[in-house]
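Q: Please take a close look at one buried position in this model. Then work outward from there to the parts around it and to the partner chain.

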Amino acid sequence: MSRPSDDKLREIVARFPTTREEDWKYTDLSRARDIAARWLEEKPAAAASASPDRAAAITDSIDAAWLVIANGELQTSRPPDGVTVGKVDYIPLGDSALAEFNAALVSDGIRIRVSGKVSTPIGLLLIDSAERTSVSQAYVEIEFDDGASAGVIEYHASRGRADQYANTFVTFGIGEAASASHVRIQDRGRQHVQTSKTRVRVGKDASFSSASFDLGGCLVRNDIDIDIARPGADVSFDGLYLAGDGQHIDNHTRVDHRVGPATSRQEYRGILNGRCRCVWNGKAIVHEGADGTDADQANHNLLLSEKAEIDAKPELEIYTDDVKCSHGTTVGQLDETALFYLRSRGLDRNAAIQVLTHAFAAGLVTRVPVPAARDAVSSLIERRLEELAVTIEDEES
Amino acid sequence: MATETEQLESLVNRRYEHGFVTDIATESLPPGLDEDVVRAISARKNEPQWLLEWRLQAYRQWLEMDEPEWAHVHYPKIDYNAISYFAAPKSDDDRPKSLDEVDPKLLETYDKLGIPLHERARLAGVAVDAVFDSVSVATTFKEKLSEAGVIFCSFSEAVAEHPELVRQYLGSVVPRRDNYFAALNSAVFSDGSFVYVPKGVRCPMELSTYFRINAANTGQFERTLVVADEGSYVSYLEGCTAPMRDENQLHAAVVELVALEDAEIKYSTVQNWYPGDENGKGGIYNFVTKRGDCRGANSKISWTQVETGSAITWKYPSCLLRGANSVGEFYSVAVTNNLQQADTGTKMIHIGPNTSSTIVSKGISAGRAQQAYRGLVKVMPQARGARNHTQCDSLLIGKDCGAHTFPYMEIRNPSAKVEHEATTSKISANQLFYCRQRGISEEDAVNMIVNGFCKEVFKELPMEFAVEAQALLNVSLEGAVG
């Protein structure tokens, strides 16, 4: 696929969504637009090769067959038995300027096919590294044959001090009675921008379970769109965002129940400290005729700083009556009584905060659907919570 | 099942009981809207120059605004030039001084509605400022109220007799250009009610206004302003029924409430405008802006609404919680049937410290109706200790209806506690079976369940209204379950 002209690319960038659009009301993409425009201006040479070894810690700590995608290009791939890795023939244009931008620039669309029950998880290490303003695109399609099952771990990282913007698209096609487990860890540099979209098509009697963790990035927007078009689907996904100074993390989820019976459940939790803003927008649409749908959304937030803001919006659109749908959202802070209890047992304030915030996050960690990733996720969260807790203002002082 | 369905259909298809037209000649302006119409309305009401200017500015601002399209409702574009902006009962110049002087036909209308005005007013101890079309024709219990120092009169009267109060508070909660429909109302509002409760006064009775739309093709543009001065209390009841019409009628009202320090306003509404027929023909477009301003410390504003009528409802009674420790409440039951559409909810804006708000919204959707709850809870950075609890439940009756929730939460203070819960389901087969098994008819069982579902809201209504609300609910929904 030949790369479109710079003028065409500039035109696409100019069409990036703005806060005037309802879906982007709380998230201003100016910074992404700005990086993309500068990158086009500077006419960069071929992307510098990223050094995947820097992220070796994660590939070492999680026992998986890792595919390394550096600056959008597939570098190494050692797929386990039952998994084939190839290139996609064609990248659909998508329905947004971000999808068009991705389709226009992605060098290798990667296609992963899972046939049979695969016990070794498939790891996707998406790492970007640049010393100059850079934009990277990744496009991955994962197809599960009927009855197949596997775990997929995405780890997003970036290195380098220059401005970076990564725009990734991951698609899951899950065949009949197939089962996909998914873990997404976003641990980018604190000054880097990411937009990501995960599209999931769930087949008859198939299951999709996912957990996603946002730790890094300065401007992060994740969309997950789940389409249930066959009966018997079982969908369950969680998300945790830990935001500190200078971070903006936005999670938009959408589940389309087109037929029933089917179940979807989601739970997002957030811990916010410092000057940061998080957005959670959950949308469940139960279409006409999707009888026997059971959809549940939950979102809980811990707001620990005067400068933090959370914007939450749990939406339900229901067009039939044989359904059970619910959502719950809470925003609050640490329980002073619990803090006092821990301190009366000899823990200092920070340690007590650690215990309580960790407990708040732990509920999701124990549900990580790929067991091999659990320990690594747990220690990443612990590290991030330590960073966050240090800056919590002591109200008594 | 088949016979049940038939039975249900006959119940669901019950016709609108209050659909009749009172034949009174009305004196209307020809359809159309321009500055001359605004001037004509103002002149006909003998308004002072400042109010005319205020209206004209609103009109000019309205011209620059776009009709909102974000609501989850669909309707053909409104031709604002096909609407007549003023209709008054003929006896405008010679308005009745007491009920005896009121046109007997008018009283008959109230009779048909089961609200014999004087009877009801006397028995229930309610003062009624009955708005028939656009001009108030009867006001009772004035004396008793004036003893207490409470001003309760039509808006036009307030403009004439208490211009300083009107001027001070008009538009101070809902500014002229707040939104498209508020701007339109500000330009052409016909009449409405004005209430002022002085310092420390507990209003001796519940104040009530009954509205009716009665002239074809006439938009009703009510303007209500309630001011509760320091330490006062007032409960205001607003209810409405409308006769059957084939053409859509636009109703764009504005209600402004101001609660000063330690004051409390309780505002209750039963809305039963004509919803259109089974095929969605006719019915009122109810595009209303309602907002209360808890301006003083420890003030409280409570909205309670039962919405059963209108073809389209677009309504978000809101509270600005400015004063420290101020309280906002929103209790709502909304019922949509046939092809009715409702996009309703509330906004709670927490500005002052230790402010709290409660939202309880119960939606019932049946037939092919679409209903949406849309709400905003916003906690500003300075609103320390803000507290909100939102409960938002929907009951679906039938395969073709819809229920939607769009709650927005924007929280900027770490000491805020905000909770939102919502559920959507149909009437449980188990509950129904249990009742049927005990010998209760399906119709009564559904009634019981629906009334139980709405109980939290009904118990907030004043007695008289609670009765009317339950009756309305039964008419709209009895047995509408499959």
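A: Start with Phe144(A), which counts as buried because 28 other C-beta atoms lie within 10 Å of its own. The cut-off for a buried residue is 20 or more. Keep in mind that this is a predicted model.

Where does Phe144(A) sit? Its place is in strand β6 of chain A. Its contacts, leaving aside neighbours within four places in sequence, are Val114(A), Gly173(A), Ile174(A), Gly175(A), Ala178(A) and Ala180(A). Take Gly173(A) from that list. Gly173(A) is 29 residues away from Phe144(A) along the chain, yet their C-alpha atoms are 6.0 Å apart.

Strand β6 of chain A, residues 134-144, also helps cover a helix. That helix is α4 of chain A, residues 97-105. Its buried residues are Leu98(A), Glu100(A), Phe101(A), Asn102(A) and Ala103(A). The cover over them includes β6(A) together with α1 (6-14), β8 (164-174) and β10 (193-202) of chain A.

Move on to helix α6 of chain A. It runs over residues 349-365, 17 in number. From first C-alpha to last it reaches 24 Å, close to the 24 Å expected at 1.5 Å a residue. Still, α6(A) has a bend of about 30 degrees at Ala359(A). Ala352(A), Ile353(A), Gln354(A), Thr357(A), Ala361(A) and Val365(A) are its buried residues.

Val365(A) leads to the next stop, Val377(A). The two are in contact. Val377(A) also touches Val183(A), Ile185(A), Phe213(A) and Val368(A), again leaving aside its neighbours within four places in sequence.

Val377(A) belongs to the largest nonpolar core, a set of 230 residues. Which members of this core touch the most others? They are Leu272(A), Val377(A), Val195(B), Ala228(B) and Ile265(B). Both chains are represented in that list. Helix α7 of chain A, residues 371-390, gives the largest share of the core, eight residues.

Now the contact between the chains. Here 30 residues of chain B are in contact with 30 residues of chain A. On the chain B side, β22 (387-397), β23 (402-411) and β24 (417-426) are the elements that give two or more residues. By class, that side has 14 nonpolar, nine polar and seven charged residues. Strand pairing also crosses between the chains. Strand β19 of chain A, residues 323-332, runs antiparallel to β24(B), with eight bridges joining them. Within this pairing, Cys325(A) faces Thr424(B) as its opposite residue.

Chain B itself has 482 residues, and 56% of them count as buried. It holds twelve helices and 24 strands. Among its contacts with a separation of 6 or more, 85% are between residues 24 or more positions apart.

One strand of chain B deserves a longer look. Strand β13 of chain B, residues 284-294, has eleven residues, and eleven of them are buried. How is the burial split between its two faces? One side carries Ile284(B), Asn286(B), Val288(B), Lys290(B), Gly292(B) and Cys294(B). The other carries Tyr285(B), Phe287(B), Thr289(B), Arg291(B) and Asp293(B). Both faces are covered.

Several strands pair with β13(B). Strand β10 of chain B, residues 249-251, does so in the parallel sense over three bridges. Gln249(B) stands opposite Ile284(B) there. Strand β11 of chain B, residues 254-259, is also parallel to β13(B), over six bridges. Its Val254(B) stands opposite Thr289(B). Strand β15 of chain B, residues 312-315, is parallel to β13(B) through four bridges. Lys315(B) in β15(B) has Val288(B) opposite. Four bridges also join β13(B) to strand β16 of chain B, residues 318-321, again parallel. Arg291(B) stands opposite Ser318(B) in that pairing.

Finish with β16(B). Ser318(B) and Leu320(B) point one way, while Cys319(B) and Leu321(B) point the other, and all are buried. β16(B) also pairs with strand β19 of chain B, residues 347-350, in the parallel sense over four bridges. Leu321(B) is placed opposite His350(B) of β19(B).

Key. Residues are numbered from 1 along each chain as its sequence is written. Chains are lettered from A and ligands numbered from 1 in the order in which they are written. This is a predicted model: local features need pLDDT of at least 70, side-chain atom pairs count only at pLDDT 80 or more; totals for chains, interfaces and linings use all residues. A residue is buried if 20 or more other C-beta atoms lie within 10 Å of its own, exposed if 12 or fewer, and partly exposed in between; C-beta atoms are placed from the backbone. Two residues are in contact if their C-beta atoms, placed from the backbone, lie within 7 Å. The expected span of a helix is 1.5 Å times one less than its number of residues. The bend at a residue is the angle between axes fitted to the seven residues ending there and the seven starting there. A nonpolar core is a set of buried Ala, Val, Leu, Ile, Met, Phe, Trp, Tyr and Cys residues joined through C-beta atoms within 7 Å. Ala, Val, Leu, Ile, Met, Phe, Trp, Tyr, Cys and Pro count as nonpolar, Asp, Glu, Lys and Arg as charged, and the others, Gly among them, as polar. Two strands pair if DSSP finds at least two bridges between them.
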